[in-house]
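Student: I have a structure to go through. Can we take it step by step?
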Amino acid sequence: MSNLSDLIALSLLPIWLWRFISERLRAGDPPGLVFHRLLIERWADEPDKGAAIRARADAAIARASEQGITAIPWTDAAYPPALATIVDPPPVLWMRGVAAAFERPAVAIVGSRAGSPYALAVAERLAADLSARGIVVVSGLARGVDSAAHRGALSGAADAADSGGSTIAVLGSGVDVIYPAEHKPLAREIVGTGAIASELVPGTPPNPAFFPQRNRIISGLSRAVVVIEAGEKSGSLITARCALEQGRDVLAVPGNVLSGRNRGAHALLRDGAKIVETADDILEELGPWAAAGRGEGHSTGSGQPPGANPAYGLRASKGQADPVLACLTPGEPCDLDAISERSGLAPARLLPRLFELELRGLVGRAGGGRFVRFDRPC
């Protein structure tokens with residue numbers, strides 16, 4: 001509990017510090033020590049600041065317990081490995097719904113809040129087709145394209161009950177504060193088979209500043225981002241930029257050139273984004289990675305080369321055995337704590353590495369926060 005409280009306290013610090021926080025946590029520094037050092041370095045003239053933040057952290061834990069909200073700390077095996085790889089992951093991810101939704105292959109669908117009938121129809125159809133094939137659809141529960149994508153994913157999962165597809169809504173508020181309010185019924189549907197997630201502590205009201213920063217979580221949870229009907233200043237372009245910075249694929253749906261609604265999406269296409277007309281276009285771009293969602297094998301991924309981020313310091317040198325794979329026996333599921341103990345690496349460093357190995361088809365999720373090594377790449 002103290003570790004959770006420390007991580008929540010870190011999450012209550014300004015977001016511009018989160019990149020530094022993640023660097024220190026990846027280096028193995030205890031969350032409480034990172035918090036204490038930041039207080040001394042940046043708020044030495046505010047002796048009561050630490051106590052006030054810790055009080056807010058304790059209040060968040062109590063509120064979550066009362067409302068059935070789950071807190072997933074960055075050091076937990078249940079923390080989405082894909083999200084753990086970004087440079088500024090939330091120290092704690094709050095969620096309501098089905099935690100297994102974070103274990104499936106995911107694609108984000110984003111677009112205009114004032115979407116045209118064409119955009120809404122395309123978003124709903126793409127999401128339904130992806131969900132029916134076992135892909136989780138991630139979006140922001142906003143009006144327009146986002147809500148159409150969520151509804152499509154729900155219908156696709158219902159039509160193909162055994163697909164494993166679902167949807168995740170990432171909020172710019174606490175998970176218990178649904179915005180816009182008219183989407184409360186939709187949110188209730190989502191938590192039945194998918195999840196609602198936020199980096200903000202329960203009870204946090206929506207704020208314009210929160211929405212651009214939550215977009216990096218939408219892309220961070222996903223392997224690819226599909227943009228539908230985005231203008232030149234659309235928030236969807238922020239999500240696309242985050243995706244590119246995170247090594248995710250960016251795709252776009254072409255639209256009407258006369259309305260001006262599609263200039264942002266068309267700019268992405270001119271810059272090399274793949275054109276999307278059907279769900280098959282998305283799955284083709286993802287390649288074998290998407291097969292994990294369709295039950296055809298395990299993921300190999302594309303985009304940023306696995307193990308290439310020097311911040312993790314975990315990539316095996318040429319000719320050497322991988323230090324994480326060496327701790328796993330092929331075919332035998334193993335939980336994160338056991339892998340950590342065998343490898344001597346902190347969970348915060350292990351999660352990004354396990355995600356990279358998963359993309360290469362060397363490791364897979366066995367459920368219950370466990371990982372299993374495969375004999376050969378799938």
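Student: In what order do the nine strands of the open sheet lie?
Tutor: This is a predicted model. The nine strands form an open sheet, and their pairing is mixed. The order is E1-E2-E6-E5-E4-E3-E7-E8-E9.

Student: Which are the edge strands?
Tutor: Look for strands that pair on one side only. Two fit: E1, residues 70-73, and E9, residues 274-275. The edge strands are E1 and E9.

Student: Do E1 and E2 run parallel or antiparallel? And which residue in E2 stands opposite isoleucine 72?
Tutor: E2 covers residues 92-97, and four bridges join E1 to E2. The two strands run antiparallel. Opposite isoleucine 72 stands leucine 93.

Student: Which strands does helix H7 touch?
Tutor: Helix H7, residues 145-159, packs on the sheet. Its direction makes about 145° with that of E3. The strands H7 touches are E3, E4, E5 and E7.

Student: At what angle does helix H9 run to E5?
Tutor: Helix H9 spans residues 210-220. H9 lies across E3, E4, E5 and E7. Its angle to E5 is about 160°.

Student: How many disulfides are there?
Tutor: A disulfide needs two cysteine sulfur atoms within 2.5 Å. Take cysteine 327: the nearest cysteine sulfur, that of cysteine 334, is 8.4 Å away. So cysteine 327 is in no disulfide. The count of disulfides is zero.

Student: Is cysteine 327 buried or exposed?
Tutor: Buried means under 20% relative accessible area. Cysteine 327 has 12%, so the label follows. Cysteine 327 is buried.

Methods
Residues numbered from 1 in each chain as written. Predicted model: local features only at pLDDT ≥ 70, side-chain atom pairs only at ≥ 80, totals over all residues. Heavy atoms only, no water. Buried < 20%, exposed > 50% of the residue type's maximum accessible area, 1.4 Å probe, protein only. Pairing = 2+ DSSP bridges. Contact = heavy atoms within 4.5 Å. Axes fitted to C-alpha atoms, helices over the stretch in contact; angles between N-to-C directions.
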